[in-house]
Amino acid sequence: VYKRQGYNSVWLKGFYNFFDFGDESVQRSAEMLIDLYFAYWAQEQIKGVAGGGKSRIRGVKGYTPVRHGIPNLATLYFGIGDLPEALLGNLNAALSDYRPPAVIADIAIGARDDGPYEVRQRAQGLGEQRKTHHTASGVKEPSTLRTDGGGILRYSYCDPAFTIGTLMTEARPLEDWVSISTQARWQGVIFGGQPSARIVPLVVEAKKGRDVLNGQWSVQSKGSLVTQKLKYNKGGGEMIVWMSKEGLAAPVREGDVVFVEADEAYAAVRVIDSEFKISDDSITTRSAEGNTRTAPPGIMIIPEDDYAPVVLEVMSKDRVKDFDDFKHRVKACTVELKKQVAVCETIYGDRLTLDTSYRKTPTINGKPVDYAPPRVLESPFLNADYNSGRVTIRKGPRHKVLDFN
């Protein structure tokens, strides 16, 4: 059985063909790109489920496990996740001579063995969106991306028990961005105990909309995330925090905080300076083709003030005595709104600020977020300076340098 699995599957499938059938230079370039693809994915996944901030995660797809473009390759290459039920885009991979190098297998299997780590990536997004016209001779008036600064710092905190991540951006008007970047941005936490267990704070699509563009902005350090709905959004409905029922215990509200327990971690959600309600109504979205899709069973936290900042904090169980100890730590943290600036002391000892009026850049321990750092990739395993053309993949004694120059 062969089924198409979206744009990314077709894109990656093509590079397997370049590797297997291209001349020597094409083969070399294709191999490096596939290496980079899997190293990028390997450091944030848990049991084959991709973690960290994303875009174009439309509708109810944001509430289900997101794997990579060709499902089940994690099983074929690394023995991670479920066995394939059908030959999808992975047919090319199964028949290809390409195999990930040992250093990438080490990352996929053992990245979290030494404890938590941070991933920072300088991503593109700012630019000029143009109307494209597909003709027999090609595409006219393509959109263009800025190269002096993409406007996005992609940040993830990878704990052995969970991955929490977001796309940190400035609060910019929609027209500053190329649409492929602003479509259905996703942020939140996935847990290691159950592939479907997750908490997702985001702006849901309006009843008649297909995508939410430029829905929310955020600031994050370690397992603490502060986010707010953007007034510059298009197609946005309510700001919610969605929790899966699978893999999470029933949430417990204590004052202005909602606590929840996963297999290996605890989490807390707090809405700043606004009342909120808790609902178990189902979420249904409609695709461009008119098909309806319903999210898995879940719980929603819905603020009365749609633009109230929301705080999500997650910590593994091995860092606290028990659930009561976690609750005590969360309640002991000062979280307040000062002159329209959300100021949050976190359970990790950091101080985060988010200006709800959008005038100031968010800060982490007094330093404004740098959306254009000198490194385009930075983690214990994947590093590259911006525009250098050289990427280093490293785990323990093994390493590989990808020289795209």
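# Exercises: a buried glycine, a sheet and two helix pairs

At 0% relative accessibility, Gly188 counts as buried (under 20% relative accessible area with a 1.4 Å probe, protein chains only; over 50% is exposed, and partly exposed lies in between). The model is predicted: local features need pLDDT of at least 70, side-chain atom pairs count only at pLDDT 80 or more, and totals for chains, interfaces and linings use all residues. Residues are numbered from 1 along each chain as its sequence is written, and side-chain values use heavy atoms, with hydrogens and water left out.

## Exercise 1

Place Gly188 and list its contacts beyond four places in sequence.

**Solution.**
- Step 1. Gly188 is found in strand 8, residues 188–191. Strands (E, at least two residues) and helices (H or I, at least four) are DSSP runs, numbered from the N terminus.
- Step 2. Set aside the neighbours within four places. Gly188 is then in contact (heavy atoms within 4.5 Å) with Thr163, Ile164, Gly165, Ile199 and Pro201.
- Step 3. Check Gly51. Its C-alpha lies 8.4 Å from that of Gly188, and the two are 137 residues apart in sequence.

## Exercise 2

Trace the strand order of the open sheet of 6 strands and find its edges.

**Solution.**
- Step 1. The order is 10-11-20-15-14-13, with antiparallel pairing. Two strands pair if DSSP finds at least two bridges between them.
- Step 2. Strand 10 (216–221) and strand 13 (252–254) are the edges, since each pairs on one side only.
- Step 3. From one strand to the next, the twist averages 20°.
- Step 4. Helix 7 (residues 323–332) packs on the sheet. This helix touches strand 13, strand 14 (257–261), strand 15 (265–271) and strand 20. The directions of helix 7 and strand 14 make about 150°. Angles run from 0 to 180 degrees between N-to-C directions, and axes are lines fitted to C-alpha atoms, for helices over the stretch in contact.

## Exercise 3

Is strand 15 buried or exposed, and which bridges hold its place?

**Solution.**
- Step 1. 7 of the 7 residues of strand 15 are buried, so this strand is largely enclosed by the rest of the structure.
- Step 2. In a regular strand the side chains alternate between the two faces of the sheet. Here Ala265, Ala267, Val269 and Val271 are buried on one side, and Tyr266, Ala268 and Arg270 on the other.
- Step 3. Strand 14 joins strand 15 by 5 antiparallel bridges. A hairpin of 3 residues links the two.
- Step 4. Strand 20 joins strand 15 by 7 antiparallel bridges.
- Step 5. Follow Ala268. Phe259 stands opposite Ala268, and Glu313 in strand 20 is a bridge partner of Ala268. Glu313 is also the bridge partner of Ser224.

## Exercise 4

Describe how helix 1 packs on helix 2.

**Solution.**
- Step 1. The axes of helix 1 (residues 7–21) and helix 2 (residues 24–42) come within 7 Å and cross at roughly 140°.
- Step 2. The two helices are therefore oblique (under 35 degrees is roughly parallel, over 145 roughly antiparallel, 65 to 115 roughly perpendicular, the rest oblique).
- Step 3. Among the residues that meet are Trp11 and Phe15 in helix 1 and Leu33 and Tyr37 in helix 2.

## Exercise 5

Classify the angle between helix 2 and helix 5.

**Solution.**
- Step 1. The axes of helix 2 and helix 5 (residues 102–110) come within 9 Å and cross at roughly 20°.
- Step 2. Helix 2 and helix 5 are therefore roughly parallel.
- Step 3. Asp35, Phe38, Ala39, Trp41 and Ala42 in helix 2 meet Ile104, Ile107 and Ala108 in helix 5.
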